[in-house]
Amino acid sequence: MEKTTYSLIPMQIQFSTKILPETDFASAQHIKLALSSLASQTSDCLILGYTKNELGKKTLGSPLVELDALLNGAIARAKAAGDLDGKEASICLLRADDAWQKKGVKVKRVLLVGLGDLGVKDNLALTSFAKIAKVAFKALSGGAMHSALWFVPSFARHADADMLLKQVRLAAQLAGEQTYRFGVRQPAMKFKVKDLADPFHQLVFATVKSSSKAVQLAVQQGAALVEGMNLAKDLGNLPPNVCTPSYLAKTAQGLVKQTKLKVELLTRKQMEALGMGSFLSVAQGSEAPPQFIIIRHSGGKASESPMVFVGKGITFDTGGISLKPGEAMDEMKYDMCGAASVMGTMLSCDLLGLKQNVIGVIPTCENMPSGRATRPGDIVKSMSGQTIEILNTDAEGRLILCDALTYVERFKPKAVIDIATLTGACVIALGAVHSGMFSDDAGLVDALTEAGHDSLDTVWRMPLDAAYQEQLKSNFADVANIGGRPAGSVTAACFLKRFTEKYKWAHLDIAGTAWKGGAAKGSTGRPVPLLVNFLLAQ
Ligand code: BES
Ligand code: MN
Ligand code: ZN
């Protein structure tokens with residue numbers, strides 16, 4: 001299989017902004033003007049949100065009644081037919097006819113999206129907004145439509161600038177998620193990829209002048225986020241015979257050519273000299289050489305301490321000598337999703353032009369059984385000096401992370417967040433809804449929780465008490481690498497905690513959230529939205 005490097009182009013969806021004249025939505029005349037200027041844009045579909053209230057009981061209310069005049073009664077007919085009821089996240093697609101054209105309407109379709117029972121002064125909750133936007137983008141994607149026009153004020157209602165920013169950023173994120181296809185960016189790959197790009201590839205956010213600044217910023221941020229997510233998804237979805245540790249390293253080096261990011265790779269000699277005995281013990285069972293990747297985004301002052309992300313990069317986890325059962329073992333190609341999310345977040349940092357210093361660190365190797373592999377019972381020495389008794393070679397994530405967590409002390413970090421598909425126990429505890437968050441730092445806990453809400457990429461706080469450390473006692477070394485079945489995700493986090501005493505730290509266990517199994521198998525790009533929103537709020 002040819003191991004081409006990763007290509008960052010083409011963008012799968014393009015976002016832009018269209019600014020309309022300021023509109024007083026209390027004036028029918030203003031509404032008419034705004035709607036006719038909207039409808040005169042060339043686009044495959046104009047998307048408008050409306051409430052039950054605006055739909056009216058017997059006759060249409062404003063602004064649907066003004067729009068209906070432009071659309072030659074199409075809305076009233078749809079309402080009479082029962083196609084339009086205003087329920088939250090209900091959709092109704094109207095198609096243009098000759099009468100529309102005669103009135104100067106150039107959009108080919110109008111997609112009316114119900115916002116539910118919203119009062120005149122009410123705002124949409126972000127979760128409702130997301131539900132509604134998802135349904136709308138699903139209707140747009142995969143068919144004949146190429147472009148769409150999203151009328152921001154019809155969804156934003158009375159949102160303040162901050163809420164508006166979050167809504168539009170989230171809309172871009174969700175449109176990106178809907179239009180993502182694997183393989184579109186791997187044109188040079190030797191195998192034939194199944195997916196073609198989504199025909200829907202252009203989304204214009206139309207808004208009035210007073211909100212244009214916030215919307216433009218949000219669109220820019222959303223676009224940067226989508227690119228980071230797409231990179232993370234692609235890397236996660238690539239097969240493990242292509243996405244090897246060296247492929248990840250090459251991808252990072254490829255980023256240097258297209259961005260201002262700086263990349264450094266440690267050689268095996270350097271890793272040995274640093275004393276990364278724990279990381280190297282995991283790598284030793286594989287033919288594939290391990291890689292240690294450092295990616296820098298220097299958007300802040302040189303003196304400013306960096307935010308550091310550390311991502312688990314096991315490109316395939318067989319379990320090693322403590323071999324995993326065969327069922328669904330293919331999914332262990334996703335064991336590098338922590339690394340992929342760090343890489344994606346670093347790309348987003350660059351595209352955002354983020355004015356902060358951020359460093360991404362990726363220890364990456366395969367976990368394979370072989371004559372050279374670690375045995376259960378082996379004792380290794382970590383870079384921190386602590387010795388580790390490896391009682392189960394399948395608890396390898398913590399073994400590669402602990403050395404990376406010691407390595408990053410040199411950056412004098414503002415904080416360190418590690419991201420890892422670390423434990424099956426976390427999947428049992430939290431499923432695919434929340435990522436597990438472990439931290440003793442109240443500031444990090446609050447910031448991550450809020451960033452999770454803003455991006456729908458949520459976290460749930462888990463304990464990290466000293467009492468759980470008991471389970472990691474070893475008779476022969478400083479610490480054992482497993483703590484038994486009870487509280488498996490907590491003891492894994494407690495193991496990592498022993499290597500993070502020199503800085504503020506949070507650990508994210510993304511084993512349940514980084515990919516979906518079953519028929520819709522694939523990488524989710526999480527937690528790139530969480531991390532990007534976290535950085536944007538700093
Ligand atoms: N990569 C796995 C964790 C995992 C398992 C993620 C299933 C997603 C789905 C990790 O390396 C692992 O194997 N952890 C073991 C730890 C155990 C041996 C203490 C686990 O969770 O079973
Ligand atoms: Mn494992
Ligand atoms: Zn693993």
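Is D394 buried, partly exposed or exposed? D394 is partly exposed, because its relative accessible area is 22% and buried means under 20%. The model is predicted. Its manganese ion (ligand 2) and zinc ion (ligand 3) lie 3.1 Å apart, with D317 coordinating both. The largest nonpolar core has 56 residues.

**Manganese site**

- D317 (OD), D394 (O), D394 (OD) and E396 (OE) coordinate the manganese ion (ligand 2). They do so at 2.1 to 2.2 Å.
- D394 thus appears twice in the list, through O and through OD.
- The arrangement counts as irregular because the six donor atoms around the manganese ion (ligand 2) subtend angles of 70 to 168°.
- The donor residues follow the sequence spacing D-x76-D-x1-E.
- Distant parts of the chain are linked by the pair D317 and D394, 77 residues apart. D317 sits in strand β10 (residues 313–317). D394 sits in the loop between β13 (387–389) and α14 (397–407).

**Zinc site**

- The zinc ion (ligand 3) has K312 (NZ), D317 (OD), D335 (OD) and E396 (OE) as its protein donors. They lie 2.0 to 2.4 Å from the ion.
- This site is octahedral, with angles of 78 to 176° among six donor atoms.
- For six octahedral donors, the ideal angles are 90 or 180 degrees.
- Along the chain, the zinc donors are spaced K-x4-D-x17-D-x60-E.

**Burial of the donors**

- K312 counts as buried, because its relative accessibility is 1%.
- D317, the residue that coordinates both metals, is buried too, at 3% relative accessibility.
- D394, by contrast, is partly exposed at 22%.

**Nonpolar cores**

- Within the 56-residue core, the residues with the most contacts are L235, F309, M343, I417, L508 and F534.
- Helix α13 (residues 337–352) supplies the largest share of this core, eight residues.
- Another core, of 47 residues, lies apart from it. Among its members are L422, C494, L496 and W505.
- I417, in the 56-residue core, touches several residues beyond its neighbours within four places in sequence. These contacts are V308, F309, V310, L444, L448, A506, L508 and F534.
- F309, L508 and F534 are contacts of I417 and also rank among the residues with the most contacts inside the core.

Conventions. Residues are numbered from 1 along each chain as its sequence is written. Chains are lettered from A and ligands numbered from 1 in the order in which they are written. This is a predicted model: local features need pLDDT of at least 70, side-chain atom pairs count only at pLDDT 80 or more; totals for chains, interfaces and linings use all residues. Side-chain values use heavy atoms; hydrogens and water are left out. Donors are N, O and S atoms within 2.8 Å of the metal (3.2 Å for Na, K and Ca); water is not among the atoms, so sites may look incomplete. Four donors count as tetrahedral if all angles lie between 85 and 135 degrees; four count as square planar and six as octahedral if opposite donors are over 155 degrees apart and all others between 65 and 115; anything else is irregular. Buried means under 20% relative accessible area, exposed over 50%, partly exposed in between (1.4 Å probe, protein chains only). A nonpolar core is a set of buried Ala, Val, Leu, Ile, Met, Phe, Trp, Tyr and Cys residues joined through side-chain atoms within 4.5 Å. Helices (H or I, at least four residues) and strands (E, at least two) are DSSP runs, numbered from the N terminus. Contact means heavy atoms within 4.5 Å.
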